[in-house]
Amino acid sequence: GPDVVASIRHPFLIATVKDNFDRFISCKQTIDEIHSKLRDSEVHGSTGVSTTQLAERVAAVQHETERTFSSLLERHQQIRSVIGLLRRFSLLFSLPTRIRQHAEAQDTEAVIGEYKKARQLVGYSKLNLFGQLMKEVDKVVEKVVDDLIMKLVTPSTPPEEAVQ
């Protein structure tokens, strides 16, 4: 338990202090000297830099750093927002290619499903980006519709293919 650990640790600590006693004393004297010099500097206003001046300079540097990097941090947040938005809409941006692939594979059901998803996500948005995207999607879907109409009106199309 804790008593065993303390009984083992205690002799080790005593040995460490004895072995390094001179170092402990030297460190204590150095700390006392620094403290004394700082106190004298504050009280007597010596020519050295006081802790108050040091604190003021550190505050000024901190203020300058915040001013300099705040615009970078704002840009970083904006970029992260745009990346998040692009990830959410990546499905839409690959939509024309997926619809073309389904059309080439003559998978009309998949073309219809993709088109419905696009209309649900984008709706009839007036945003230029989505408008351009939907124009491309509409072109591909119109070609699929035209191809289907051609199959229906072509006399050589077997009835079972026409029904599909």
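User: In this predicted model, is Q106 buried or exposed?

Analyst: The model is a prediction, and Q106 lies in the loop between α5 and α6. A residue counts as exposed when its relative accessible area is over 50%. Because the relative accessible area of Q106 is 58%, this residue is exposed.

User: What is the phi of Q106?

Analyst: Most residues other than glycine have a negative phi. Q106 is not a glycine, yet its phi is positive, at about 55 degrees.

User: Is R98 buried or exposed?

Analyst: R98 is placed in helix α5, which covers residues 95-104. Buried means under 20% relative accessible area. The relative accessibility of R98 is 18%, so R98 counts as buried.

User: Which residue's side chain forms a polar contact with that of R98, and in which helix is this partner listed as buried?

Analyst: Leaving out residues up to four places away in sequence, R98 touches L91 and E114. The side chains of R98 and E114 are joined by a polar contact of 2.8 Å. The buried residues A110, V111, E114, A118, R119 and V122 belong to α6. The partner is therefore E114, with R98 itself counted as buried at 18%, and the helix is α6.

User: Against which helices do the buried residues of α6 pack?

Analyst: Among the buried residues of α6 are A110, V111 and A118. The buried residues of this helix pack against α4 (90-93), α5 and α7 (128-153).

User: Which helix supplies the largest share of the largest nonpolar core?

Analyst: The largest nonpolar core has 13 residues, and L92, L95, I99 and V137 have the most contacts inside it. At least two residues of this core come from each of α5, α6 and α7. The largest share, seven residues, is supplied by α7.

User: Which residues does L92 contact, leaving aside neighbours within four places in sequence?

Analyst: L92 is among the residues with the most contacts inside the largest nonpolar core. With neighbours within four places in sequence set aside, its contacts are A118, L121, V122, F130 and L133.

User: How far apart are the end C-alpha atoms of α6?

Analyst: Helix α6 runs over residues 108-122 and has 15 residues. At 1.5 Å a residue it should span 21 Å, and the distance between its end C-alpha atoms agrees, at 21 Å.

User: On which residue is the kink in α3 centred?

Analyst: Helix α3 (residues 51-88) has 38 residues and reaches 52 Å from its first C-alpha to its last, close to the expected 56 Å. The helix has a kink of about 35 degrees, centred on F69.

Technical notes:
Residues are numbered from 1 along each chain as its sequence is written. This is a predicted model: local features need pLDDT of at least 70, side-chain atom pairs count only at pLDDT 80 or more; totals for chains, interfaces and linings use all residues. Side-chain values use heavy atoms; hydrogens and water are left out. Helices (H or I, at least four residues) and strands (E, at least two) are DSSP runs, numbered from the N terminus. Buried means under 20% relative accessible area, exposed over 50%, partly exposed in between (1.4 Å probe, protein chains only). A polar contact is a pair of N or O atoms within 3.5 Å; within protein, one must be able to donate a hydrogen and the other to accept it, and residues adjacent in sequence count only if both atoms are side-chain atoms. Contact means heavy atoms within 4.5 Å. The expected span of a helix is 1.5 Å times one less than its number of residues. A nonpolar core is a set of buried Ala, Val, Leu, Ile, Met, Phe, Trp, Tyr and Cys residues joined through side-chain atoms within 4.5 Å. The bend at a residue is the angle between axes fitted to the seven residues ending there and the seven starting there.
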